Amino acid sequence: MTDRPSVLVPVRVLEGESIPEGVPELLSTAHVVLLGYHVIPDQTAPGQARMQFEEQAIERLDEFEEIFTDAGATVERRLVFTHDGQKTINRFIREEDCLAVLVPNATGSVEDVLVAVRGTVGIDRLARLVAGVFGPIDASVTLFHVGSDDETDADAETLLDAAADRLADLGVAESAIETRLDRDRGPLDAITETAREYDAVVMGETDPSLATFVFGMPADQVAERFFGPVLVVQREPPAESEE
């Protein structure tokens with residue numbers, strides 16, 4: 001059985017954000033790192049904010065944790081009062097060694113998943129996330145690649161075949177895996193337009209961080225571009241020096 005992939009779920013815990021419908025079921029086989037955070041003004045000390053709002057925030061986190069555990073996920077939780085929400089998200093990705101970050105748009109039952117494959121770097125991490133989250137629910141997986149001008153169709157097919165083979169190695173049925181190549185659009189337009197045909201999207205982090213790009217957009221733009229939940233698979237963390 002594939003190990004539970006660790007997925008960071010950031011929630012602005014005191015601003016009325018909730019866990020969208022379908023997300024707990026989506027992550028029922030994952031290890032959820034539930035990050036409740038509240039962005040405070042620069043002049044406010046985090047300790048002061050914690051004294052004032054901690055009890056209310058903990059009550060909300062209790063509710064969210066119960067929703068995920070009832071669905072079957074394992075959960076660990078963190079509560080942070082911060083001056084910079086994006087830096088906090090990035091820090092917890094590293095500290096908790098999260099395989100992916102969730103952009104938690106609502107979803108119904110997930111039957112078809114679009115997996116954007118960009119290059120050989122990260123295929124194993126993409127496959128581990130897809131097999132761990134979607135394999136147990138028997139979702140159909142489409143491996144999607146946008147070819148570049150200097151890339152032949154044979155190169156693209158080799159890349160997609162490698163990703164499909166890795167998914168099969170991790171227990172995803174070969175009959176559930178399809179591949180798809182696009183050359184007519186830029187990567188972001190191709191992914192967002194193609195995503196309309198699917199229930200969820202998995203895509204890899206890029207430089208600069210796609211997590212930063214996605215979370216840096218206003219929520220209505222994220223919802224407009226990505227109709228369902230998006231799992232952003234993070235790059236392998238750099239090896240630490242042994243000095």
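**Sheet pairing and helix packing**

Strands S1 and S4 run parallel and are joined by 2 bridges. In this predicted model, valine 7 stands opposite alanine 100 in S4. On S4, the pairing with strand S9 (residues 230–233) is antiparallel and spans 4 bridges. Here leucine 102 faces leucine 231 of S9 as its opposite residue.

Strand S4 covers residues 100–103. Both of its faces are covered. Ala100 and Leu102 lie on one side, Val101 and Val103 on the other, and all are buried. In a regular strand, side chains alternate between the two faces of the sheet.

These pairings belong to an open sheet of 9 strands. The strand order is S3-S2-S1-S4-S9-S8-S5-S6-S7, and the pairing is mixed. Strand S3 (74–82) and strand S7 (177–182) form the edges, each pairing on one side only. From one strand to the next, the twist averages 25°.

At the S7 edge, strand S6 (residues 140–146) runs parallel to S7, with 6 bridges between them. Threonine 142 is placed opposite glutamate 178 in S7. Helix H2 (residues 46–71) packs on the sheet. Its contacts include strand S1 (6–12), strand S2 (31–39) and S3. The direction of H2 makes about 160° with that of S3. Helix H5 (residues 153–169) lies across S6 and S7. The angle between H5 and S6 is about 150°.

Glutamate 96 sits in the loop between helix H3 (85–95) and S4. Is this residue buried or exposed? Glutamate 96 counts as buried because its relative accessibility is 17%, and the cut-off for burial is under 20%. Leaving aside residues up to four places away in sequence, glutamate 96 touches Ser6, Val33, Glu76 and Arg78.

Helix–helix packing was examined for H4 and H5. Two packed helices are described by the angle between their axes and the distance between the axes. Helix H4 (residues 123–134) packs against H5 at about 45°, with the axes 9 Å apart. The two helices are therefore oblique to each other. The crossing of H4 past H5 is right-handed. From H4, the contact involves Ile123, Asp124, Ala127, Val130 and Ala131. These meet Leu159, Ala162, Ala163, Arg166 and Leu167 in H5. By class, the contact has 8 nonpolar residues, 2 charged residues and no polar ones.

How values were computed: Residues are numbered from 1 along each chain as its sequence is written. This is a predicted model: local features need pLDDT of at least 70, side-chain atom pairs count only at pLDDT 80 or more; totals for chains, interfaces and linings use all residues. Side-chain values use heavy atoms; hydrogens and water are left out. Two strands pair if DSSP finds at least two bridges between them. Axes are lines fitted to C-alpha atoms, for helices over the stretch in contact, and angles run from 0 to 180 degrees between N-to-C directions. Contact means heavy atoms within 4.5 Å. Buried means under 20% relative accessible area, exposed over 50%, partly exposed in between (1.4 Å probe, protein chains only). Angles under 35 degrees count as roughly parallel, over 145 as roughly antiparallel, 65 to 115 as roughly perpendicular and the rest as oblique. A crossing is left-handed if the near helix is turned anticlockwise from the far one by less than a right angle, and right-handed if clockwise. Ala, Val, Leu, Ile, Met, Phe, Trp, Tyr, Cys and Pro count as nonpolar, Asp, Glu, Lys and Arg as charged, and the others, Gly among them, as polar.
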